[in-house]
Amino acid sequence: MTETTAKVAESTDPSPRAPEPARHPRRLRGRAPQASPASSRRPPGLLEPSFSGVGLVVGAFLISVSLEPSLLPRVPVVQGLASGVSFMVGYGAGAGAHAVWNYLQVPNLRGRARRIVAWSLLAVIWVSLSLSVWRWVGWQNGQRRAFGMDDLNPTAWPIVIGTGVAVAAALLLLARALRALFRWADGVAARYLPPRLAVALATAGMLVLLWLLVSGLLVRGLFLVANEAFSVRDTHDKAGTTLVTSTLRSGGADSLVEWDELGRQGRSFVSAGASAEQLEAYDGQPAIEPIRVYVGLRSAPTLEERAQLVLEELVRTGAFDRQVLVLATTTGTGFIDANAADSLEFLYHGDTAIAGLQYSYLPSWLSLLADQEAVADASLAVFDAVHDYWADLPASSRPELYLYGLSLGSAGVESILTSPDILNEPIDGALMTGPTFLNLLHNQLERSRDDGSPAWLPVVGEGRTIRFTGEDDALAQPKGVWGDTRVVYLQHGSDPVVFFSPVTFYREPEWLQGDARAPDVSPKMRWFPFITGWQTLLDMPASGSVPEGYGHMYTASANLQAWVGITRPADWTDEDTAQLGAYLDARRAEQRTLLEQLGQ
């Protein structure tokens, strides 16, 4: 290390002279123990501008790694967050390793050898960091163009640097505060206990306290505060929501559910969708108004009562007289993707009924952590109520029954598919779009896929029951005969909600290995321990802000292809699918433009 670097070192080098034999003073009641030579220097205070030279070098290297390509184009704030955390991981590892080195009294380099090594390391880090900064703009713009997005704005770098510095500073202050807390606990224990026992008990006690704080009070408090905050937002309508009067929509005329109780997403769902006239305008064939049933969290005090309301609304609207009935498990806030609903309604000229139930106020990225049990309970409650009624109807006259779920909703569908109630009267099929990394069935299927099929597009059991597809229709690829009950997973290779896994922090995922990666995953993306897992984790909140067809955004045409494969409409051709898919995508683009103008 150089003289300049030595000034920012947090720990001192051992004396060049032979160390004196370690002394172990007797601990007296009420008196703190004397420090050993290797740890005699007081660590820097909370706001003291003193840093570890080794930590800075390792941290700078991890900054360069954090600029490597990820699944999605990264907005500057997210990149700053990734780089700030990566720097502090490297800084902590380097400073900690150097502290252990000094504690063990291993000799450090000195004189000319020290200067040569220090300057060599700094040169390597500087070159690596400069190349990473230059490449970051290249891969970002390349991936943005592939996704149909604009190039980076010149103001990106100030945002990246500012966010990174702020995040690193906050984490450094937190780390120093925790270190001070640990040292205080050790000092208290050292007054009454032998040195090693005092350190062990103080460390164990503080770790338990921190774990309880983070996993208990902090997490629960976050969820409670977030739930209250988003429950207020749930009372406000999305842009484009209009009051419904149709008897075929919940919240309309004769509905058992009040309009104001549907929630933000529920009101949007029942007021959207094509009318019979709009359905007829597409191809001139006769159509009827689709049925849309929805029950919000405020519609009834208990889950069982809300599930019963779903059934009563389906009976009231005549849903069991339609050709197709879909039970949709919503995402956290109660969202049902319009691309999935519209594509099915156009496919069957409105002879459909779709029902959903809200189980949370939290947005998907929070609901994914907080509502795993809630989504399973809600899915099973609605399914049990509706399935029991449906199973008692004559098989020749009842509607075909399908399940649908997007994101966390797909986990709810999986809870139904693995329940014993489905065995006596099997459903006709299910569509699960953008399944989360927490979906147990999805993960099991991916691990047990047939040899030769990639992780991002598995083939399981030759596709006899379950098939995987993406933006490009792959449902015809498996060689097996598809049975009567058809299950489809629709997923993008660039969707971090699907492919994030804690394993990615310490092991290269299969979807990145060799040539087995999806076409929408950057060929420049490489795996690094910890960094890739952290980057993919940060990609998740942004996965819904990319254009449709990438990340967690699934197009109407992709949903249509999946529904065609699952439901097998009569006298339907591939040309019909292509034509309707193009029409639905264009219609969706017009709707999005209108919503942007309305302030959505």
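Strand β7 has its side chains split between two sides: R486, V488 and L490 point one way, V487 and Y489 point the other way, and all are buried (under 20% relative accessible area; exposed means over 50% and partly exposed is in between, with a 1.4 Å probe and protein chains only). That fits the usual picture, since in a regular strand the side chains alternate between the two faces of the sheet. The model here is predicted, so local features need pLDDT of at least 70 and side-chain atom pairs count only at pLDDT 80 or more, while totals for chains, interfaces and linings use all residues. Residues are numbered from 1 along each chain as its sequence is written, and side-chain values use heavy atoms, with hydrogens and water left out.

**Strand β7 and its partners**

- β7 covers residues 486–490, and five of its five residues are buried, so the strand is mostly covered.
- Strands and helices here are DSSP runs numbered from the N terminus (E, at least two residues, for strands; H or I, at least four, for helices).
- On one side of the pairing story is β5 (residues 429–433), which runs parallel to β7 over five bridges; strands count as paired if DSSP finds at least two bridges between them.
- One of the β5 residues, T433, has L490 as its bridge partner in β7.
- β6 (residues 466–469) also runs parallel to β7, joined by four bridges.
- For R467, the bridge partner in β7 is V488.

**S494, just past the strand**

- S494 sits in the loop between β7 and α15.
- With 0% relative accessibility, S494 counts as buried.
- The S494 side chain reaches the backbone nitrogen of G551 at 3.0 Å; a polar contact like this is a pair of N or O atoms within 3.5 Å, where within protein one must be able to donate a hydrogen and the other to accept it, and residues adjacent in sequence count only if both atoms are side-chain atoms.
- Setting aside neighbours within four places in sequence, S494 is in contact with L71, L72, F147, D520, V521, Y550 and G551, where contact means heavy atoms within 4.5 Å.

**Helix α16**

- α16 is mostly covered too, with eight of its nine residues buried.
- Those buried residues are I531, T532, G533, W534, Q535, T536, L538 and D539.
- They pack against α2, α3 and α15.

**Salt bridges**

- There are 13 salt bridges in the structure, each being a side-chain nitrogen of Lys or Arg within 4 Å of a carboxyl oxygen of Asp or Glu.
- E68 and R526 make one of them through their side chains, at 3.0 Å from N to O.
- E68 is in the loop between α2 (53–66) and α3 (76–103) and R526 is in the loop between α15 (496–499) and α16 (531–539), so this pair ties together parts that are 458 residues apart in sequence.
- E68 counts as buried at 7% relative accessibility, whereas R526 is partly exposed at 44%.
- The side chains of E289 and R249 form another salt bridge, at 3.7 Å from N to O.
- This pair links distant parts of the chain, 40 residues apart: E289 is in the loop between α8 (276–283) and β1 (291–295), and R249 is in the loop between α6 (195–233) and α7 (263–271).
- E289 is partly exposed at 26% relative accessibility, while R249 is buried with a relative accessible area of 5%.
- R464 and E462 also meet through their side chains in a salt bridge, at 2.6 Å from N to O.
- R464 is partly exposed with a relative accessible area of 45%, and E462 is partly exposed with 35%.
- R292, D342, E345 and R587 are joined into one network by salt bridges that share partners.

**Surface patch**

- W126, V127, L131 and W134 make a nonpolar surface patch of about 520 Å².
- Patches are made of residues with over 30% relative accessible area and no salt bridge; like charges are joined within 9 Å and nonpolar side chains (Val, Leu, Ile, Met, Phe, Trp, Tyr) within 5 Å.
- L131, from that patch, is found in helix α4 (residues 111–146) and is partly exposed, with a relative accessible area of 40%.

**Whole chain**

- The protein chain has 18 helices and seven strands.
- Of its 600 residues, 49% count as buried.
- Accessible surface comes to about 29,400 Å², with 60% belonging to carbon and sulfur atoms; areas come from the Shrake-Rupley method with a 1.4 Å probe, and for residues only the protein chains shown count as cover.
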